[in-house]
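Biologist: Could you take me through one strand residue in this model, with its surroundings, and then work outwards to the sheets and the helix pair? I'd like it as one connected story.

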Amino acid sequence: MLKNKIIERTYIQIEGILASPLLAGSGESNNTDIDVLRDYYGTPFVAGTAIAGVFRHWLETNLPNSKIAVHSLFGAKKATNENMDLTDFRQSRIFISDTQFKNKDDNSTEKNFVMTRDHVKLTDKVADGTGKFDVEVIETGTLFTMQLEYIVRESSDASQDCSLIQTLVRAMDNGELTLGGKTNRGYGKLAKIKMRQISFDYSKQDDIQTWLDWSWDKIAEPTDNPFEDSTAVSAFVKVEVPLTIKQTLLIRDYKTIDELDYTYLRANGLPVIPGSTWAGAFRQRLQQIVTELEGSQQIVNTLFGSKHGEQYATPSILQFEESVVNGSSELVRTRNAIDRFSGATIDGALFTSESVCQGTTQLVIRWRKQGNDNSNITDDVIRGILHWLIYDLTEGLLAVGGETSVGRGVFELAGKVEPEIDNAQYRLAAIKWVKDEGFE
């Protein structure tokens, strides 16, 4: 008689849309410095192994008390020493297919939703040497289909499996679980549109017969999320800042159009402010504040991560979402560079650019709730530091984007910051950490 038999098999299909660009690098650099991963037919995709790795890592990081349940579902490595609390080997019970993408227009080709994004590493708003690079991304608004299958065996806990998948789906919906590269800077956010789910109970002969003839094209009609749990507590803190562009804003996109030397960066046809732009501006401002408070610059690295090539590279604690600008108008200007000594125009310095005028947007910053780490940074410290930076942003002391020296990139607060971070407790905690408890 078979041991540990399969007693149930569940299929889940999630259809959604990319809420921000997705960077799924292939390791190739034929078109850009980082090309997207493509299949044999040239269509971009995200490998199922990569998604499984992201899912597992996210659960282990954010649900440390569910280690046994995660290993039971995703498989457990055989113990190599006596200190490990798992001594057996389990095969994964969840199977994740490659995620496929398509444009809103089913007849379109992949070139319609694979775009090139330019990046540059800046220090004090000056480009670092060899700091310019470009990447291919799957564009915002692209449709995707994600398919998962998991089995329940006699020895497994079906309620634990459901709880883990429930957590993953909710995290994707909330923007806490993202895919691909540069996720701390706004890439890889997913938005669910439809969810289909079907289960087969192997104790029922009719279910077994139905399963033998079943395929993904027979998946059930879309229903409400069967894994929804309104009582769940998020592992992240999220700060939302409603903003108005006071005058003009410029985030350059160097794809020339007609007579324009460069245009404003757009995603899915709408002007955007990349998460990397927000993070760079906030990082520079914090460096200035830390210097004034005579703190260590290592404090900045703790929050924003250390640069590539440094001895101890660390990821950023803070995650900045890409912001969409709504209600703005285009502003095209032709300008000359002027010789500051003679007051005359400089030869060859005539250029025409496009910026956006006014409009509203929302800055979203999130971080994993802090507790047991070596940097002794707390959520109150992070809230206090963000209050300094957001205050400077909304009071015109911190400008964002290009051509800030001519008045662009100034914002005003358009509503209430949620949750409230203007609190003396948070500010005092931030000052104490920077001056007394920061790295020596």
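**A close look at Ile 365**

Modeller: Ile 365 sits in strand β19, which covers residues 360-368. Keep in mind that this is a predicted model. So how much of Ile 365 is accessible, and is it buried or exposed? Its relative accessible area is 0%, and since anything under 20% counts as buried, Ile 365 is buried.

Now for the company it keeps. Leaving aside residues up to four places away in sequence, Ile 365 touches Val 237, Lys 238 and Val 239, along with Phe 282, Leu 318, Gln 319, Phe 320 and Leu 386. There's also a long-range relation to Gly 186: the two are 179 residues apart in sequence, yet their C-alpha atoms are 9.5 Å apart in space.

Some of those contacts make sense once you look at what β19 pairs with. Strand β9 takes in residues 236-245 and runs antiparallel to β19, with 9 bridges between the two. One of the matched pairs there is Thr 244 with Thr 360 of β19. Then there's strand β15, residues 319-320, which is also antiparallel to β19 and is joined to it by 2 bridges. Here Gln 319 has Arg 366 in β19 as its bridge partner. Gln 319 therefore turns up twice in this story: as the bridge partner of Arg 366 and in the list of residues that Ile 365 touches. As a reminder, strands of a sheet pair through backbone hydrogen bonds, either parallel or antiparallel.

Moving outwards, there's an open sheet of 3 strands in the order β13-β14-β16, with antiparallel pairing. The edges belong to β13 (266-267) and β16 (323-324); each has a single partner strand, so one side of each is left without a neighbour in the sheet. Strand β14, residues 270-273, pairs with β16 over 2 bridges in the antiparallel sense. Across that pairing, Ile 273 has Ser 323 of β16 as its bridge partner, while Val 272 stands opposite Val 324 in β16. On the other flank, β13 and β14 run antiparallel and are joined by 2 bridges, with Arg 266 matched to Pro 271 in β14. These two strands form a hairpin with 2 residues between them, and Asn 268 in the turn has a positive phi of about 55°.

A further open sheet has 3 strands, ordered β10-β18-β17, again with antiparallel pairing. Its edge strands are β10 (248-249) and β17 (329-338), each pairing on one side only. β10 is joined by 2 bridges to strand β18, residues 345-357, and the two run antiparallel. Leu 249 stands opposite Val 356 in β18.

Last, the helix pair. Helix α1 (residues 48-62) packs against helix α2 (residues 67-74) at an angle of about 165°, with the axes 10 Å apart. That angle makes α1 roughly antiparallel to α2, and the crossing is right-handed. From α1, the residues in contact are Ala 52, Phe 55, Arg 56, Leu 59 and Glu 60, and they meet Val 70, His 71 and Phe 74 in α2. Sorted by class, that contact has 5 nonpolar, 1 polar and 2 charged residues.

Key
Residues numbered from 1 in each chain as written. Predicted model: local features only at pLDDT ≥ 70, side-chain atom pairs only at ≥ 80, totals over all residues. Heavy atoms only, no water. Axes fitted to C-alpha atoms, helices over the stretch in contact; angles between N-to-C directions. Helix = DSSP H or I, 4+ residues; strand = E, 2+ residues; numbered from the N terminus. Parallel < 35°, antiparallel > 145°, perpendicular 65-115°, else oblique. Left-handed = near helix turned anticlockwise from the far one by under 90°. Contact = heavy atoms within 4.5 Å. Nonpolar A, V, L, I, M, F, W, Y, C, P; charged D, E, K, R; others polar. Pairing = 2+ DSSP bridges. Buried < 20%, exposed > 50% of the residue type's maximum accessible area, 1.4 Å probe, protein only.
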